[in-house]
Amino acid sequence: MIRRLSAAAVVCAFAAAVAVHGEAPAQQGNPAKAAGTVLKGRAPVNKDVLKVSLPKAQEADLSNGVHLIVVEDHRAPQVFFQMLVDGAGGYYDPPAMAGLAGFTAALMREGTTTKSSEQVSEVLDRLAAAVAVGAGASSAFATVSGNGLTANLDTVLSLMADVLMNPSFPQAEIDRYKARTKAAFINQRTQPGFLAQERLSQALFGDHPLSRVAPTPAALDALSREALVEFHKAHYVPDRAILAVAGDISLEQAKTKSEAVFGGWQKSGASIAAQTAPASPAAATVSFVARPGSVQTSLRVGTQSLERTNADYDALTVANRVLGGGPTGRLFSHLREEKGYTYGAYSSFNATRVVGSWSASTDVRSEVTDPALTDLLDEIRQMRAVPVPDKELADTKKALVAGFALSLESPNAILNNYIERYIYKLPADYWDTYPSRIEAITAADVQRVASKYWAADRLQVVAVGDQSKVEPALKKLGVVQAFGADGKPIK
Amino acid sequence: MSGSRRVSAFLFAVAVVLVVPIGAADTAIKFTDVKLKNGLRVIVSEDHSAPTFSIAVTYNVGSADEKVRRTGFAHLFEHMMFKGSENVGPGEHFTLVFNNGGNMNGTTNNDRTLYFETLPANQLDLALFLESDRMKSLDITKANLDNQRNAVQEERRLGLDNQPYGNTYERIDEQAYDNPAYKHSVIGSMDDLNAASVDDVATFFKTYYAPNNAVLSIVGDVDTKRTLALIEKYFGPISRQPQPKRPDLAEPPHTAERRSTIEDSLARLPQVDIAWITPPAGTPDFDALDVVSWVLSSGRSARLNQVVVREKQLAVFASANNPDKRGPGLFQVSAQVAPGKSPADVEAALLEEVEKVKTGPIHDWEIDKAHNNGVRQQAAAMTSTLQRAIQLGEYALFYDNPNLVNTRAATYEKVTAADVQRVARKYLTAQNRSVVITLPKTAAAGAPTGGAE
C-alpha cells in the first residue's frame with residue numbers, strides 16, 4: 001500500500017509473523033502445553049481439512065532460454081513481474097569485493113543507455129508502477145521485479161527490460177550511491193537485529209559466501225564503474241533466468257510481450273561455478289555484541305540447517321513449527337504468554353542448494369537475560385529429549401496443511417511455490433503431494449531432526465545488549481567472545 | 001443451527017448495496033450492510049475466488065479515548081481480548097485459529113481497535129463463535145492483566161525504547177497537539193501501564209466493547225444469507241450498552257511555531273521532523289493534502305528525494321506522510337541528515353520544497369501520479385479479502401460509508417493542481433508547524449560508532 005504510517009501509530013497483539021521457513025506455505029501454529037494457554041475445547045471446529053487443489057501455473061520457455069512461469073489472476077487490473085537471474089546474487093561476489101552483486105543491482109536502476117535515472121523514475125511514478133533490482137548478500141539470485149496497472153503493462157515491461165539489459169552505470173550516480181551507502185552502514189550498526197544477524201552468520205558460516213549479510217565498507221571504497229559493467233555483463237544472462245508473472249495476464253500475452261522486450265537478450269553459454277557447502281562450525285560458541293544504551297537483550301540461537309532438497313526438510317518444517325512457529329509455538333507460549341519476558345519468541349529456517357540456517361530469536365528486557373536464555377535453551381533441549389505428544393503433533397500438521405488453503409488467495413504466493421519447485425528441481429507434483437508428506441511425519445521423525453539439527457554441540461549463541469546485564473548470563477554457557485558494534489572483536 | 005431461519009426476522013434494518021463505481025463496473029465490490037437489533041453493524045461481501053474468508057471486528061475505541069494517566073490502555077486492553085472468555089481459554093483463540101490453518105491478529109491505533117482472522121472457508125462457525133464469546137463474556141483477571149502488561153512493556157521497549165529515533169515519534173505528538181486525545185503514543189508510558197487496574201479493564205470492556213459500538217465485516221467464500229443467520233445466532237443475544245461518548249478531538253488554533261531538540265543515545269545521525277496540524281481524513285482538503293504528500297515523496301521522482309537527497313545530497317532519506325485520522329491530522333516531513341551536513345541546512349531545504357509547492361507549478365505528471373496512486377490503492381484492496389474486510393469496517397465506522405472502498409480512488413481524480421497549492425498554503429504554515437530535531441548523544445567510551453567511517 002502506498003500510505004505509510006509512523007512507527008508508533010499502530011500497535012498489534014503480535015509482531016508481524018516471521019517468515020517461518022524459506023518457502024513452504026508460511027502460516028504458523030501449534031497447540032500449547034505451557035501455562036500461558038488453556039484449551040476449553042468448546043468452540044465449534046470443523047474437523048475436515050478443506051481439500052483444495054493448487055491452481056496450476058502455466059510454463060513456457062522463451063527463445064533465448066528464459067523460463068516463463070505465469071499465474072493468472074483477473075481480480076484486479078494489475079500485473080506483477082519477477083525476473084530471477086541465477087548466478088547474479090551476492091553468493092557470486094568476487095572474494096575481495098563482498099557486495100559487488102548488491103552494488104550492481106542497486107545501480108542498474110540509476111540510468112540506461114537511453115534514459116537517465118530521473119527519466120526512469122518519472123515514467124514509473126507517473127503510472128504508479130515500479131521496477132526494482134536487488135541481489136541478496138548471500139543469495140545465488142538477483143531479482144529484477146516490476147509491477148503496474150494492466151493498462152500500462154507494455155511501458156512497465158519495456159522499462160524493466162531496459163534496466164535489465166542496458167544499464168549505463170553513470171559515474172555521478174555511483175558517487176551519490178557511495179555517499180548514501182556509507183550513511184546506511186552507520187545506520188545499520190545502530191540496529192540490534194542487524195548486529196545479531198551479522199554475528200550469528202559469522203558463527204555459522206565463517207568466511208563462506210553464505211555468511212554475508214551486508215556489503216563491506218572496503219568493497220564500497222574499491223567500487224569502480226568498470227567492476228559494475230563487468231559484473232553485469234558476466235552475470236546477467238538469460239541462460240539461467242526465470243521470468244515469473246502473476247496477475248491480469250494470460251500465458252500467451254506474457255509470452256508475446258516478453259519475446260518483444262527480452263528477445264534481444266543474448267545467451268552467453270558460459271556456466272557458473274557450482275556452490276560449495278560451508279564447513280560446519282567446529283564447536284558451539286557464545287558471542288556477545290556490546291550495544292551501550294540497550295534496554296533489551298537480543299538473543300539468537302542458531303545452527304546450519306540443510307539443503308532444500310534434503311529428505312529431512314518436511315520433518316524440520318514440522319519440528320520448527322512446534323518449537324517456534326508463530327504465536328502458538330512453544331517459545332511464544334513459554335517466554336511470552338507464561339513468563340512475560342518478551343513481546344515475541346520465534347524460530348525459523350531457510351534452505352539453499354548447499355545448506356541454510358536455522359535460528360530461534362527473542363528480544364527480552366535486559367534484567368531477565370539469564371532466565372530467558374535458560375528457558376530458550378531448555379525448550380530446544382525438550383525437542384531433542386521428549387517426543388512431541390500426539391495431539392500437539394496432529395494439531396501442528398493440521399495447521400500446516402490447512403494453512404495451505406490460505407496461500408491460494410495470493411497469486412504471488414502460488415507463484416513463489418512454482419518458482420521454488422523450478423529452482424530446486426523438485427518433482428513436478430511437489431506441491432500436490434505436500435499435504436500427504438506433512439501428514440506422514442511422525443513424532444519420531446520430529447525428535448530425530450531436532451536431535452540432529454539442534455544438537456547441543458551445534459548451537460551458536462549470540463546476545464546483543466548492555467554488557468553488565470548480559471555477560472554474566474553468557475559466561476555460564478562457556479567462553480564468551482565479545483565484539484563491538486563496529487563488528488570487531490574486543491577483549 | 002439457525003441456517004434455515006428467516007434472516008429478516010432478526011434484523012433491525014436491511015439495506016443491500018449493489019455498487020457500480022465510475023469506470024470500473026466489473027471490479028466493483030458488492031456487499032450487504034445491515035444492523036442487528038442490538039446495534040451491531042454487519043457487512044458481508046462474497047468473493048468465491050479462493051476457499052477462504054476474512055472477518056474483521058472494528059470497535060469504536062482507540063487511544064484517543066484514554067483518560068489522563070491511563071495512556072496505552074486501549075492497546076493493553078486489546079491484549080486482554082486474547083486471554084480468554086466464558087467458553088474460550090487464555091490463548092485458545094489464537095491456538096484455534098492457527099491450528100485450523102488461519103491467521104489472525106489485533107491492532108490498535110488512535111481511533112479504533114481491530115480484531116481480525118483469515119480462515120479456510122469451512123471454519124466460519126469457529127470465527128463467529130470466537131469473536132462473539134469475547135464480546136459477550138471477557139474473562140478479566142489480575143493474573144492475565146499482569147502477564148500482558150509485561151508483554152506490552154516489552155513491545156514498547158522493542159519498538160521505541162531500544163530503537164534509534166524511537167522516542168522522537170512520541171515527542172512529535174506531545175509537542176504538536178494540545179488536545180490530550182492525540183497528544184500521547186498509542187502504546188503509552190511505562191508509568192501509566194503500571195497504573196492500569198483490573199477495575200479499569202472491567203469498566204473499559206463494559207463501556208466500549210458492546211455490539212452497538214462495533215462493526216463486523218466478512219469478506220470471502222461465504223454465502224451471505226447463511227452468514228447473516230449465523231451472525232444473528234452468535235451475536236444477536238449480546239446486550240446493547242449505553243452508547244459511549246466519542247472524545248472531543250478538536251485542536252485549538254496554533255499561534256506560533258513549536259520547536260525542540262532531543263538527544264538520542266542510540267542514534268548516530270541527526271534527524272529532522274516537521275509536523276503540521278491538518279484537517280481530518282475523509283474531507284476534500286485531506287485528499288488534496290494526500291496529493292501534496294505524493295508530490296513531495298511518492299516514488300523516487302518525488303521532489304524531496306530528487307532535490308534534498310540527490311541534488312543537494314543533504315539527507316540520507318527525505319519523506320512526507322499524511323496519516324489518516326478521524327480528528328486533526330499531522331502532515332509530516334522527515335529527513336535523516338547525511339554525514340557531515342547540518343540539521344539546519346536540511347530543515348531549510350525541506351521547507352524550501354514545501355514553499356515551492358505553494359508558489360511554483362505542479363506538473364501534469366505529478367497530478368497523473370496522484371490519480372494513478374488512487375487506482376493502485378483500490379486494486380491492492382481487491383487482491384486480499386482481509387484488506388477489504390478492514391476497509392469496509394473502517395469506512396463504515398469512521399464515515400458511515402463502507403462504499404468508499406469503491407469510490408475513494410475517484411476522489412483523487414477531482415484533485416487539481418490549484419487544490420494542491422491551496423491546501424499547502426492554508427495548512428503548511430509557520431504558525432501551524434512543530435519541529436523536532438533529534439541529535440545523537442555524544443557516545444560514551446566503548447559506544448558503537450559507524451563502522452564505515
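Two strands are counted as paired if DSSP finds at least two bridges between them. With that in mind, this tour of a predicted model starts in chain A and then moves to chain B.

**Stop 1: the sheet of chain A**

Select strands E8 to E14 of chain A: these seven strands make up an open sheet with mixed pairing, in the order E10-E11-E9-E12-E8-E13-E14. The edges are held by strand E10 (342-349) and strand E14 (489-490) of chain A; each has a single partner strand, so one side of each is left without a neighbour in the sheet.

Next, select E10(A) together with strand E11 (residues 357-365) of chain A. The two run antiparallel and are joined by six bridges. Within this pair, Ser347(A) is found opposite Ala360(A) of E11(A).

**Stop 2: a helix from the other chain**

Add residues 142-161 of chain B, which form helix H4. This helix of chain B lies across three strands of chain A, namely strand E9 (296-304), E10 and E11, and runs at about 70 degrees to E10(A).

**Stop 3: the nonpolar cores**

Which residues touch the most other members of the largest nonpolar core? Select Val301(A), Met383(A), Val446(A), Trp454(A) and Leu474(A), which hold that place among its 87 residues. Helix H9 (residues 313-324) of chain A contributes the most to this core, giving seven residues.

Now centre the view on Val301(A). Leaving aside residues up to four places away in sequence, the contacts of Val301(A) include Trp358(A), Ala360(A), Leu373(A), Ile380(A) and Leu459(A). Ala360(A) is thus met again, having appeared earlier opposite Ser347(A).

A second, separate core has 61 residues; among them are Tyr346(A), Leu36(B), Phe53(B) and Tyr234(B).

**Stop 4: the sheet of chain B**

Move to strands E8 to E12 of chain B, where five strands form an open sheet of mixed pairing in the order E8-E12-E9-E11-E10. Strand E8 (258-264) and strand E10 (315-321) of chain B are the edge strands; each has a single partner strand, so one side of each lacks a neighbour in the sheet. From one strand to the next, the twist averages 15 degrees.

Inside this sheet, select strand E9 (residues 271-278) and strand E12 (residues 433-440) of chain B, which pair in the antiparallel sense over six bridges. Ile274(B) has Val435(B) as its bridge partner in E12(B).

**Stop 5: helices on the sheet of chain B**

Finally, display two helices of chain B. Helix H11 (residues 303-311) lies across E10 and strand E11 (329-337) of chain B, at about 155 degrees to E10(B). Helix H12 (residues 343-359) of chain B packs on the sheet and touches E8, E9, E10, E11 and E12 of chain B, its direction making about 35 degrees with that of E9(B).

Key. Residues are numbered from 1 along each chain as its sequence is written. Chains are lettered from A and ligands numbered from 1 in the order in which they are written. This is a predicted model: local features need pLDDT of at least 70, side-chain atom pairs count only at pLDDT 80 or more; totals for chains, interfaces and linings use all residues. Side-chain values use heavy atoms; hydrogens and water are left out. Helices (H or I, at least four residues) and strands (E, at least two) are DSSP runs, numbered from the N terminus. Axes are lines fitted to C-alpha atoms, for helices over the stretch in contact, and angles run from 0 to 180 degrees between N-to-C directions. Contact means heavy atoms within 4.5 Å. A nonpolar core is a set of buried Ala, Val, Leu, Ile, Met, Phe, Trp, Tyr and Cys residues joined through side-chain atoms within 4.5 Å. Buried means under 20% relative accessible area, exposed over 50%, partly exposed in between (1.4 Å probe, protein chains only).
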